Each structure stands twice: as C-alpha cells, then as structure tokens.
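This briefing covers one protein chain and its ligand. The points below are grouped by topic, from the whole chain down to single residues.

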Amino acid sequence: MAIVAVDDTDSRSGGMCTTWIGSEIADRLPDPTAYLVRLCPAVEHKTRGNGAVAVADDTVTADALASIARDLVTAHAVLEDPETNPGVVAVESSSAPTEVIDFGRSAVHREVTREEATTARAPLDARTHAWGNGRGLIGATAAVAAVLGRATGHPSRWLRSWSYETIAYREHPRWGTERTVSVEPAKPIIARRWPAVWDTIDPTAGVCACVPNSPCPVLFGIRGDDPDDIAAVVAAIDSEPIARHTTFHTNQGTDGHLRPATIAALTAGRSFRTAGTVGAEPRDHRGGRVTVPIVAEGVTVECVAFAPTGPFRHIVRGLRPGDRIIACGEVEDGSLKLEKLALTNRSLTVDATPRCPGCNRTMESAGRDQGFRCRSCGTTGRYRRRVPDRSIAIGWYEVPPGARRHLAAPLARVQTDLPAFAYRG
Ligand code: ATP
C-alpha cells in the first residue's frame with residue numbers, strides 16, 4: 001500500500017487547513033482513502049486541532065504520491081509564516097513495524113521530537129519533503145503510523161473504534177468570508193441518525209458544533225460512525241455552494257490520547273484517565289472556572305472545568321467530599337482539565353463540626369482523620385452528617401459538543417456499565 005501524509009501547512013492567521021490539502025491529494029487519485037489523524041492536543045506548536053492528514057492508494061507509487069503532495073504544499077501552504085513548517089512523508093509498505101506504531105501512539109499522547117520521528121521512519125524507506133524547520137515531519141510520520149496500524153489491523157488501543165468525518169469545503173472565492181450554513185432543515189435527520197452521527201449541534205449553546213469560525217476552507221464537518229448516516233445529514237444541510245466533500249477515516253472521538261494512570265503518575269502535557277476521591281468542596285473562580293480536588297493514595301490533583309464547558313460545571317459543583325470519581329483530561333500546571341467524568345460512588349455523609357454532647361461547646365478537629373475533641377472537657381468522637389440531597393446521579397458526564405476535544409470520545413459512542421448522560425445531536 002502507498003501512503004502519503006502531510007502536516008503543518010496552516011498558520012493561525014492564514015486561511016489554509018491541512019485537511020484541504022488532503023482532499024486535494026485525494027481528488028487527484030484513482031482509488032484514494034483519506035485519513036485525518038488527531039495528535040497530542042497539548043503540543044505547543046499546534047495551530048488549532050493538531051491534525052495531520054494521510055491518503056492511501058494501492059494503485060499508485062509512493063514517489064507519485066510524494067510528488068503530488070509536495071506540489072500542493074508548495075502552492076498552498078502558508079510558507080511565509082515562520083510558524084508554518086510543513087512535512088510530507090510517503091511510504092510503500094504492507095507491514096506496520098513496532099517502532100512505527102509505538103511512535104504514532106506516543107505522538108497522540110505526548111510531545112515527541114523530530115529525532116524520534118526520524119528513528120521511527122528508519123524501517124520504512126520513506127520519501128520525505130520538509131520546509132522550514134521540518135517540524136511537520138513529526139505529524140506526517142505519526143499519520144503514516146496510524147494508517148499502517150489501521151490497514152494491518154494492529155490491536156493497539158489508540159487504533160481501535162475509529163470514526164468518520166465528512167468535510168464540506170467552500171468555493172475558493174468565499175474563503176475568509178462569512179459562512180452561509182443552516183442546519184435547521186437537517187435537525188429531524190440529525191435527531192434520527194444520532195448516535196451514528198454525533199456532535200453536529202451543541203444544544204447548550206444553540207450553535208452548530210459542525211461549523212468552524214476560522215477563515216479556513218472548511219464549510220462544515222459531520223462526524224459519525226457510518227458514512228451513509230453522515231451522508232444523509234450532509235445532504236439535509238442548507239448552505240452556500242459546496243466545492244467538494246471528502247470523507248476522512250479518523251481517530252476523532254476515540255479517547256486515543258488518554259492513558260490510565262494513578263494520580264501520583266500524572267504528567268504535565270499528557271492526557272489521562274484517573275480515579276480518586278473528592279477531597280474538598282468544589283470552588284467557583286473568577287473567569288468562570290470550577291475546580292475540585294481529587295485524592296488517591298495521599299496524592300491530590302485539582303480537576304478543572306472551564307467556562308466554555310457551560311452546564312458541565314454544574315456537575316462538578318454537585319460533587320461532594322467523599323465522592324469517588326473517574327476523571328479524564330489533559331494535565332497542565334498540576335491540574336487536570338476535565339473532558340468527562342464518572343461519578344462512581346456517592347458520598348452520603350460529610351464531616352461536620354459537632355457540638356460536644358457533654359458541655360454543648362463546639363468541638364474542634366483532633367487532627368487529620370482523628371475525629372473531633374472538645375477543648376473544654378476533652379470528649380472525643382467521630383461525627384458525620386448525612387448530605388441532605390444529591391443533585392447528581394451515579395454515571396458518566398461530558399462537556400458539551402462545542403467544548404469537546406477532537407480526540408475525546410463523546411458518551412454517545414462509549415460503552416459503559418454506568419448510566420451515561422450523553423448530549424444528543
Ligand atoms: P491545521 O490542522 O490547521 O493544519 P494544526 O492545529 O494541526 O493545524 P499544525 O499547524 O499542523 O497544527 O502544527 C502542529 C505541529 O506540531 C506540526 O508541525 C506537527 O508535526 C507537530 N506535532 C504534532 N504532534 C506532535 C507531537 N505529539 N509532538 C511534537 N510535535 C507534534
């Protein structure tokens with residue numbers, strides 16, 4: 001199989017998008033399969049969603065693919081921006097060497113280096129083209145790894161349960177202008193096709209999660225598990241003329257970036273699934289963020305829900321000391337930025353500072369986990385009071401679609417033994 005992958009063609013100010021280059025490559029091939037591979041969301045140099053693209057085609061050579069991709073990048077990448085450093089990697093391979101798969105897995109979870117990418121490509125006899133500092137070769141190598149892993153049925157977890165996104169592109173003269181898109185006529189179909197099609201609208205914000213607001217060539221993108229269901233939604237959307245659709249096979253919505261870890265093992269710049277006991281009451285902060293500490297084996301991490309997560313913050317506010325939760329998200333500056341959480345056990349009591357049964361004075365803490373002591377008569381005891389009512393039920397909760405990371409699995413596609421409170425649409 002011949003594969004070409006491309007990354008880093010865009011800049012924050014420029015109106016390009018690497019997926020558009022992927023769609024242009026696919027458009028020039030007889031039998032293309034297009035891939036959109038999302039990589040570690042925490043990397044410093046990403047423009048927006050840290051995505052690389054790849055196109056595979058059994059009917060052409062890697063040399064032919066490399067030359068198509070090189071010409072397109074030369075013509076369309078925002079090369080005048082020093083932050084744009086494109087990379088193209090083309091290979092012909094029918095196997096997926098372990099070092100290649102391991103590199104791809106790392107690139108989805110953490111920051112990797114250009115040297116690691118070079119080492120991973122070594123067994124592949126890859127053709128490469130690089131511009132600027134060549135950083136784009138990192139993402140392009142990771143995308144090749146993902147496609148080889150998928151094509152060979154590699155069992156690694158980051159390669160499982162991939163999804164699809166059909167992206168509709170705008171006609172060139174309209175790039176950078178306001179988009180004309182209405183999902184209103186598609187709402188009944190969106191409702192009927194959910195959960196095979198997900199994250200199309202964000203009911204909490206009354207906005208389309210499927211329409212970007214950057215000046216890029218994308219008009220809208222419809223995500224789901226079945227290309228036919230996606231096509232039905234695409235056909236029902238009312239919009240300005242569409243230049244082209246491309247359906248990408250993608251690791252979006254897979255949680256491929258999360259690794260299980262204890263709180264003690266959490267590392268900044270990576271994303272995890274961890275478990276702990278709520279250690280104190282949640283707190284509201286200026287700017288709209290809500291935090292709650294969770295503890296395991298004496299180690300604490302502060303979990304954070306930011307303002308754009310909207311009503312998800314009510315769930316965090318509803319947690320109480322003693323609750324057991326599973327928390328998923330990226331770790332940064334000692335905090336875990338929540339993407340979703342599960343309340344697995346509810347605490348029905350909390351510590352309360354009691355009055356002394358002997359002399360009716362307010363007792364004081366006798367020390368951590370030591371209960372209470374009366375300073376006046378020395379009476380000691382442990383006291384808990386029932387939490388009067390709990391606003392949240394056992395189960396999984398997620399941020400709304402508009403605040404979702406591309407890699408984060410919506411609850412619509414998560415298999416779980418607990419109830420899952422998923423956003424519909
Ligand atoms: P767009 O989707 O619009 O192209 P983007 O958000 O994907 O933008 P890029 O402009 O592609 O961002 O920049 C991301 C850069 O980070 C690329 O050079 C890519 O090779 C590199 N990169 C991707 N994943 C990693 C990683 N895990 N570690 C280090 N560098 C990475």
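In the protein chain, 70% of the contacts with a separation of 6 or more are between residues 24 or more positions apart. The model is predicted. The chain holds eight helices and 27 strands, and buried residues make up 52% of its 425 residues.

**Overall dimensions**
- Taken along the principal axes, the C-alpha atoms of the protein chain fill a box of roughly 90 × 50 × 40 Å.
- The accessible surface of the chain is about 18600 Å². Carbon and sulfur atoms account for 47% of that surface.

**Ligand site**
- There are 22 residues around the ligand, and those that come nearest are Asp8, Thr18, Thr47, Arg48 and Gly51.
- Asp8 places a polar side-chain atom 2.6 Å from an oxygen atom of the ligand.
- Gly49 has a backbone N or O atom 3.1 Å from an oxygen atom of the ligand.
- For Gly136, a backbone N or O atom lies 3.5 Å from a ligand oxygen atom.
- On its own the ligand has 630 Å² of accessible area, and the protein covers 97% of this.
- Helix α5 (residues 136-151) supplies three residues, the largest share of the shell around the ligand.

**Helix α2**
- Helix α2 runs over residues 62-76, a length of 15 residues. At 1.5 Å a residue it should span 21 Å, and because its end C-alpha atoms are 21 Å apart, expectation and model agree.
- The buried residues in α2 are Ala62, Leu65, Ala66, Ile68, Ala69, Leu72 and Val73.
- These buried residues cover an arc of only 165 degrees around the axis, so they lie on the same side of α2.
- The general background is that an α-helix has 3.6 residues a turn, so residues three or four places apart point the same way.
- The cover over the buried residues of α2 includes the strands β1 (2-7), β3 (51-57), β4 (87-92) and β5 (127-130), together with helix α1 (18-27).

**Helix α3**
- Helix α3 has twelve residues, 98-109. The expected span at 1.5 Å a residue is 16 Å, and the end C-alpha atoms are 17 Å apart, which agrees.
- Buried in α3 are Val100, Ile101, Phe103, Gly104, Ser106, Ala107, Val108 and His109.
- Among the elements that cover these residues are the helices α4 (114-121) and α5, and the strands β2, β14 (258-260) and β15 (271-278).
- Helix α5 therefore appears twice in this briefing: it is part of the cover of α3, and it contributes to the shell around the ligand.

**Backbone exceptions**
- Most residues other than glycine have a negative phi, and most peptide bonds are trans.
- Which peptide bond is cis? The bond that joins Trp194 and Pro195 is cis, with omega about 10 degrees. Pro195 sits in the loop between α6 (187-193) and β8 (197-198).
- Asn50 is not a glycine, yet its phi is positive, at about 40 degrees. Its place is the loop between β2 (33-38) and β3.
- Is Asn50 buried or exposed? Asn50 has a relative accessible area of 12%, which means that Asn50 is buried, the cut-off being under 20%.
- Asn360, also a residue other than glycine, has a positive phi near 65 degrees. Asn360 lies in the loop between β21 (349-351) and β22 (364-365).

Methods: Residues are numbered from 1 along each chain as its sequence is written. This is a predicted model: local features need pLDDT of at least 70, side-chain atom pairs count only at pLDDT 80 or more; totals for chains, interfaces and linings use all residues. Side-chain values use heavy atoms; hydrogens and water are left out. Helices (H or I, at least four residues) and strands (E, at least two) are DSSP runs, numbered from the N terminus. The expected span of a helix is 1.5 Å times one less than its number of residues. Buried means under 20% relative accessible area, exposed over 50%, partly exposed in between (1.4 Å probe, protein chains only). The arc is that of the directions from the helix axis to the C-beta atoms. Contact means heavy atoms within 4.5 Å. A residue is near a molecule or strand if one of its heavy atoms lies within 4 Å of it. A polar contact is a pair of N or O atoms within 3.5 Å; within protein, one must be able to donate a hydrogen and the other to accept it, and residues adjacent in sequence count only if both atoms are side-chain atoms. Accessible areas come from the Shrake-Rupley method with a 1.4 Å probe; for residues, only the protein chains shown count as cover.
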